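Visitor: Got a minute to walk me through this one? I'd like to take it piece by piece.

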Amino acid sequence: DTTVPVITLLGEDPVTIEVGDTYLDAGATATDTYDGDITSSIVTVSTVNTSIVGVYSVSYNVTDANGNPAAEVTRTVNVVDTTVPVITLLGEDPVTIEVGDTYLDAGATATDTYDGDITSSIVTVSTVNTSIVGVYSVSYNVTDANGNPAAEVTRTVNVVDTTVPVITL
């Protein structure tokens, strides 16, 4: 017997999963012209780490009873981060302040399932002008390390004039 066994992948190749998810390998089958079904003899080696974004492999090897090794078969597993971060406003929304007062923004926080706390990466854009009565906005944006942008969050700031005029004789 000099015929090598044949390994056949089950399932998809490549496989893409979200970071943090559980990876369940679909496996493979192996057949040999002399030994028949030798699937139970397959040696599987996996480098998959679902907690770290990256490209991993699962390799399958088998040798028949007469020492003939099959050609190694490999599955690629892509662990990706496609989950967007979440921005949470701190303080009130909307905010109302008197014209001429100083506006101190309460800010926001940002968390990502893979990167954790990414508050320090928030980009804040404010149109608030406390010297002119009007409705203004403060917008917050952030993108995680893998390029996933959060949904923009906006706070409304109303600059009003409620001070009663003073009449002096």
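Guide: What follows is a quick tour of salt bridges, cores, strand pairing and a few single residues. Keep in mind that this is a predicted model.

Visitor: Charges to begin with. How many salt bridges does the structure hold?
Guide: Two. One joins the side chains of aspartate 25 and arginine 75, at 3.1 Å from N to O. The partners come from distant parts of the chain, 50 residues apart. Aspartate 25 is in the loop between strand 2 and strand 3, and arginine 75 is in strand 7.

Visitor: Is arginine 75 buried or exposed?
Guide: Buried, with a relative accessible area of 0%. Aspartate 25 is partly exposed, at 30%.

Visitor: And which side chains make the other bridge?
Guide: Arginine 155 and aspartate 105, again with 3.1 Å from N to O. Arginine 155 belongs to strand 14 (residues 153–160), while aspartate 105 sits in the loop between strand 9 and strand 10, so the bridge ties together parts 50 residues apart in sequence.

Visitor: How accessible are those two? Arginine 155 first.
Guide: Arginine 155 has 1% relative accessibility, so it counts as buried. Aspartate 105 is partly exposed, at 31%.

Visitor: What about aspartate 32, which charged side chain of opposite sign is nearest?
Guide: Arginine 75, but that is 20 Å away. Aspartate 32 is buried and has no salt bridge.

Visitor: So what does its side chain reach?
Guide: The backbone nitrogen of tyrosine 34, at 3.1 Å. Aspartate 32 itself is in strand 3, which covers residues 28–32. Setting aside residues up to four places away in sequence, aspartate 32 touches Asp1, Thr3, Val4, Pro5, Ile38 and Asp64.

Visitor: Switching to packing. How many residues are in the largest nonpolar core?
Guide: It has 17 residues, and Ile7 and Val62 have the most contacts inside it. Strand 2, strand 3, strand 6 and strand 7 each supply at least two of its residues.

Visitor: What is isoleucine 7 in contact with?
Guide: Beyond its neighbours within four places in sequence, isoleucine 7 contacts Ala28, Thr29, Ala30, Tyr60, Asn61, Val62, Ala70, Ala71 and Val73.

Visitor: Any more cores to look at?
Guide: Yes, another lies apart from that one. This core has 16 residues, among them Val95, Ile97, Ile118 and Tyr136.

Visitor: Strands now. In what sense do strand 2 and strand 7 pair?
Guide: Parallel, over four bridges. Look for threonine 16, which stands opposite asparagine 78 in strand 7.

Visitor: And strand 6 with strand 7: parallel or antiparallel?
Guide: Antiparallel, over seven bridges. There, valine 58 stands opposite arginine 75. You have met that arginine already, in the salt bridge with aspartate 25.

Visitor: Which strands form the open sheet, and in what order?
Guide: Three of them, in the order 8-10-11, with antiparallel pairing. Strand 8 (86–89) and strand 11 (116–117) are at the edges, each with a single partner strand, so one side of each has no neighbour in the sheet.

Visitor: How many bridges join strand 8 to strand 10?
Guide: Four, and the two strands run antiparallel. Strand 10 covers residues 108–112. To find the register, put threonine 88 opposite threonine 109 in strand 10.

Visitor: Backbone next. Is the peptide bond from aspartate 13 to proline 14 cis or trans?
Guide: Cis, with omega near 5°. Proline 14 lies in the loop between strand 1 and strand 2. The bond from aspartate 93 to proline 94 is also cis, with omega near 5°. Proline 94 is in the loop between strand 8 and strand 9.

Visitor: What's usual for that bond?
Guide: Most peptide bonds are trans.

Visitor: One last stop. Where is asparagine 148 found?
Guide: In the loop between strand 13 (134–141) and strand 14. Asparagine 148 has 11% relative accessibility, and buried means under 20%, so it counts as buried.

Visitor: What does its side chain reach?
Guide: The backbone oxygen of aspartate 81, at 2.7 Å. Asparagine 148 is also in contact with Thr82, Thr83, Val84, Pro85, Val142 and Thr143, among residues beyond four places in sequence.

Notes: Residues numbered from 1 in each chain as written. Predicted model: local features only at pLDDT ≥ 70, side-chain atom pairs only at ≥ 80, totals over all residues. Heavy atoms only, no water. Buried < 20%, exposed > 50% of the residue type's maximum accessible area, 1.4 Å probe, protein only. Lys, Arg positive; Asp, Glu negative; His and termini not counted. Salt bridge = Lys/Arg side-chain N within 4 Å of Asp/Glu carboxyl O. Polar contact = N/O pair within 3.5 Å; in protein donor to acceptor, adjacent residues only side chain to side chain. Contact = heavy atoms within 4.5 Å. Pairing = 2+ DSSP bridges. Core = buried A, V, L, I, M, F, W, Y, C linked by side-chain atoms within 4.5 Å.
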